[in-house]
Amino acid sequence: MSAVRFYPDNAADRAALTGPAEAAMPLSALRVDDRSTRWRAAASSVALQLSWAAPEWIDGVALVHSSLSGSATWRLVGRLAGTVVFDTGAAPALPPQGLGEFVWGLDPMNVNANTYNAPSNALALRWFAEPVRVDQLEVYLTDPVRGFVQASRLIAGLSWQPAYNPDWGVELKQVELGKRERLGDGGLMAEAAPMVKELRLALPVLPTIDRNTLFNQVFRRCAGKPLLVAAMSQAEDSMQDADHALWGYLPTEKSAKNFAHQVWAGEIVVQEA
């Protein structure tokens, strides 16, 4: 199993979705590919339910651009024909750094509370080792600190995982979108602007079947649409996993090169949506 996961298809968009919501920020916002269009429930504990007419296979669930704090918890329950097939129990939505991984004097204070995966763009995610078949998914969210729950996208689906892991050196960037201009006196004028993450990873070995899947499923399905990509879904450090998971857009130009018989190589760039 590869450590990288691509989610070009979001089964949550095919489900009947029920749960509380404010009138101005309805549940339908969770189906819109726009970070500024958000669902919001004015309660510290919220339950969402997804129901499918036909069972779906899923191996990952994510709540994108959420307001969840470091104290928030979530619980996922999957059912098939009324029978519980998995129950994660209440767990931190944004897991802290593992015990023994905090280095005094080197890590910033409060880093173990998931400082970098912070509201209002926090990404809550849960991967499953094996796909699970469900026709109902219940998502229980609790955030006693905020007193409300807000998010822009709910993702539940089956990933595509290439046969081989990405090359060493997965690159994570912070891209400042503002313009910078050098003035006549040598000074630099910097425009205040948002900052987004960019993930770059190389897939050095792509068998022909993976190359076809990459082009026909991932690239075609996500033309002009964002997708969820997790580059380190097997990381023991949950913060490392979250830092290298992005809901974003692929570049307008996509390619793979053939360097041996029936073997390809490609590079994937994802910029945060």
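Here is a short chat about a predicted model of a protein chain.

Student: What makes the protein chain as compact as a globular protein of its length?

Tutor: Set two numbers side by side: the radius of gyration is 20 Å, and the globule rule gives 19 Å for 273 residues. Those are close, so the chain counts as being as compact as a globular protein of that length. In secondary structure, you've got 2 helices and 18 strands.

Student: Okay, on to Lys197. Why does lysine 197 have no salt bridge?

Tutor: Check the distance. The nearest side chain of opposite charge, aspartate 243, is 4.5 Å away, and a salt bridge has to be within 4 Å, so this pair doesn't qualify. Lysine 197, in strand S14, is buried all the same.

Student: What does the side chain of lysine 197 reach at 3.3 Å, and how do you know that it's a polar contact?

Tutor: The side chain reaches the backbone oxygen of aspartate 243 at 3.3 Å. The cut-off for a polar contact is 3.5 Å, so that distance passes. Lysine 197 also touches other residues, including Leu172, Gln174, Val270 and Glu272.

Student: What makes a set of residues the largest nonpolar core here?

Tutor: Its members are buried nonpolar residues joined through side-chain atoms within 4.5 Å, and this set has 35 residues. Trp39, Leu48, Leu50, Val61 and Leu141 have the most contacts inside it. Strands supplying at least two residues each include S3, S4 and S5, while S8 gives the most, with 8 residues. Apart from this core lies another, of 20 residues, among them Phe6 and Trp264.

How values were computed:
Residues are numbered from 1 along each chain as its sequence is written. This is a predicted model: local features need pLDDT of at least 70, side-chain atom pairs count only at pLDDT 80 or more; totals for chains, interfaces and linings use all residues. Side-chain values use heavy atoms; hydrogens and water are left out. Helices (H or I, at least four residues) and strands (E, at least two) are DSSP runs, numbered from the N terminus. Buried means under 20% relative accessible area, exposed over 50%, partly exposed in between (1.4 Å probe, protein chains only). Lys and Arg count as positive and Asp and Glu as negative; His and the chain ends are not counted. A polar contact is a pair of N or O atoms within 3.5 Å; within protein, one must be able to donate a hydrogen and the other to accept it, and residues adjacent in sequence count only if both atoms are side-chain atoms. Contact means heavy atoms within 4.5 Å. The radius of gyration is taken over C-alpha atoms; the globule rule is 2.2 Å times the number of residues to the power 0.38. Lists of a residue's contacts leave out its neighbours within four places in sequence.
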